[in-house]
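Hello,

Here is the structure I promised to pass on. Have a look at it first, and then read on for what I found.

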Amino acid sequence: MTDSYASSRNGDPSQNGFANSSSPSLATTNHTSGISPVIRKKLMGYVGFANLPNQVHRKSVRKGFQFTAMVVGESGLGKSTLINTLFNTTLYPPKEPLPPAAERPKTVAIESIGADIEENGVRLHLTVVDTPGFGDFVNNDDRNAEFKWLFVRSWKPIVENIESRFDSYLEQENRVNRTKVVDNRVHACLYFIQPTGHSLKQIDIEFMRRLHTKVNLIPVIAKADTLTDEEIAEFKERILTDIAHHKIHIFQAPTYENEDEETIAEHEEIASKIPFAVVGSDKVVTTPDGRRVRGRVYPWGVVEVDNEEHCDFVKLRQMLVRTYMEELREYTNDVLYENWRTEKLLSMGVAQDSTVFKEINPAARLQEERIQHDAKLAKMEAEMKMVFQQKVQEKEAKLKQSEEELYARHKEMKDALDKQRADLEDKKRKIESGRPLTPEKASTGRKKGFLRA
């Protein structure tokens with residue numbers, strides 16, 4: 001195999017496979033940093049690994065794709081119509097308006113609609129999560145307890161639904177058999193903003209603050225045909241100001257190195273349209289010049305959905321579907337889900353060993369182990385010294401106690417001997433002086449007789 005390569009420094013290969021019989025050239029690396037040097041070689045012929053993208057493409061087409069989008073917004077903002085327009089299919093049938101006397105629920109419902117769609121041989125399993133009832137009964141001017149209850153009930157079911165999908169995916173990852181892992185995580189959330197022309201409402205800010213760390217947020221100005229171009233520009237500026245002030249992270253199309261100018265210009269153009277001012281319509285109408293387009297007919301003219309001069313629908317579709325759908329899936333998996341998973345496992349008491357999956361210099365590792373071993377020996381030595389000192393102190397205390405007991409016994413025996421010696425000397429003196437050792441009984445009897453007489 002070596003004869004098919006040559007040094008990247010010189011293109012003239014020699015018989016041994018290297019240019020001018022020299023060793024292969026190494027990329028410029030810092031050897032002191034512990035990073036292995038990278039060997040760069042130039043191919044002298046076709047090998048075949050350039051076909052890897054085609055292999056990935058065939059596998060992806062065969063396997064198909066999954067994408068889950070969530071739409072959040074108040075009723076009547078055209079969420080269902082926009083979804084039908086985005087994917088050019090009837091996911092949501094026409095809704096019949098409720099009669100005025102009908103009772104409307106005051107809670108947010110979570111509804112999922114799934115569909116398998118195909119385009120040019122590419123299959124996509126699309127799931128759309130709708131949230132009917134969001135914000136319909138919240139009055140932003142009311143600050144009583146009922147407002148707070150309705151306010152929490154508006155976003156809490158949505159957060160719980162997103163986290164339950166994360167829980168389901170985590171449970172599938174922890175299974176013994178993981179051959180059939182279904183990704184039902186929400187990859188994008190289209191948040192519909194009322195075209196008030198002023199600024200974000202409190203419920204808009206609170207909702208995005210609660211969800212921006214769990215899902216890719218894409219703000220959308222609904223029914224933008226009710227505003228003029230100047231009003232839309234001012235409204236977008238106010239929305240972006242509120243988002244930046246509250247430190248809300250919305251999805252931004254990623255940029256990569258070595259991209260051409262056309263791709264960079266496309267990225268900048270899409271980013272400049274956020275939040276997207278859109279108009280949705282799945283009906284085909286006829287323009288005054290005879291063209292058949294999707295749009296809305298007004299007395300003053302026709303609003304074309306697919307005309308970039310009329311609304312930002314084309315840019316929204318370009319970012320969400322045509323250009324950055326895979327980036328939305330990757331960011332959900334690599335960033336949002338991983339952050340949630342880390343917090344979840346830490347809250348369960350599962351900690352990660354920092355030395356696992358870490359490249360370590362063997363010499364540094366050996367030195368670290370030596371230091372740990374020396375520290376362990378020093379600790380053991382200190383503990384042994386402490387135990388030894390404790391044993392010595394206990395022994396000294398015991399010897400001292402025994403010594404005191406012996407001293408007391410010796411004193412007691414000495415006092416007894418001294419007493420016996422004193423008694424003996426007293427008896428000796430009495431014997432030497434001729435006195436009896438005991439009193440005479442005769443004298444006592446004589447005295448008794450004298451008394452009788």
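In what order do the six strands of the open sheet lie, and with what pairing? The order is E4-E5-E3-E6-E7-E8, and the pairing is mixed. Please keep in mind throughout that this is a predicted model.

The two ends of that sheet are strand E4 (111-119) and strand E8 (276-277). Each has a single partner strand, so one side of each is left without a neighbour in the sheet. Further in, strand E3 (residues 65-72) and strand E6 (residues 188-193) run parallel and are joined by four bridges. If you want a spot to centre your view on, try Val71, which stands opposite Leu190 in E6.

Next, a helix that goes with this sheet. H2 lies across E3, E4, strand E5 (122-130), E6 and strand E7 (217-221). Relative to E5, H2 runs at about 175 degrees; with angles counted from 0 to 180 degrees between N-to-C directions, the helix and E5 therefore point in nearly opposite directions.

Within H2 (residues 79-87) you will find Asn84. Is Asn84 buried or exposed? Its relative accessibility is 4%, and because buried means under 20%, Asn84 counts as buried. Setting aside the neighbours within four places in sequence, the contacts of Asn84 are Thr89, Thr90, Leu91, Tyr92 and Asp282. There is also a long step in sequence to look at here: Asn84 and Gly280 are 196 residues apart along the chain, yet their C-alpha atoms are 8.4 Å apart in space.

A second buried residue sits in another helix. Gln172 belongs to helix H3 (residues 145-173), and its relative accessible area is 7%, which means it is buried by the same under-20% limit. Not counting residues up to four places away in sequence, Gln172 touches Arg178, Lys180, Val181 and Val182.

There is another sheet to see as well. It is an open one of three strands in the order E9-E10-E11, and the pairing is antiparallel. Strand E9 (284-286) and strand E11 (301-304) are the edge strands, each pairing on one side only. From one strand to the next, the twist averages 65 degrees. Strand E10 (residues 292-298) pairs with E11 in the antiparallel sense over four bridges, and Gly295 is the residue that stands opposite Glu304 in E11.

On the surface, you might like to look at a nonpolar patch of about 380 Å², made by Leu43, Val47, Phe49 and Leu52. Of these, Leu43 lies in strand E2 (residues 41-43). Leu43 has 36% relative accessibility and so counts as partly exposed, a class that runs between the 20% and 50% limits.

Finally, some totals for the whole chain. The protein chain has ten helices and eleven strands. Of its 453 residues, 30% are buried. Among contacts with a separation of 6 or more, 66% are accounted for by residues 24 or more positions apart. The accessible surface comes to about 31,300 Å², and carbon and sulfur atoms make up 52% of that.

Happy to go through any of this with you whenever it suits.

Best wishes

Definitions and conventions
Residues are numbered from 1 along each chain as its sequence is written. This is a predicted model: local features need pLDDT of at least 70, side-chain atom pairs count only at pLDDT 80 or more; totals for chains, interfaces and linings use all residues. Side-chain values use heavy atoms; hydrogens and water are left out. Buried means under 20% relative accessible area, exposed over 50%, partly exposed in between (1.4 Å probe, protein chains only). Contact means heavy atoms within 4.5 Å. Accessible areas come from the Shrake-Rupley method with a 1.4 Å probe; for residues, only the protein chains shown count as cover. Two strands pair if DSSP finds at least two bridges between them. Patches are made of residues with over 30% relative accessible area and no salt bridge: like charges are joined within 9 Å, nonpolar side chains (Val, Leu, Ile, Met, Phe, Trp, Tyr) within 5 Å. A salt bridge is a side-chain nitrogen of Lys or Arg within 4 Å of a carboxyl oxygen of Asp or Glu.
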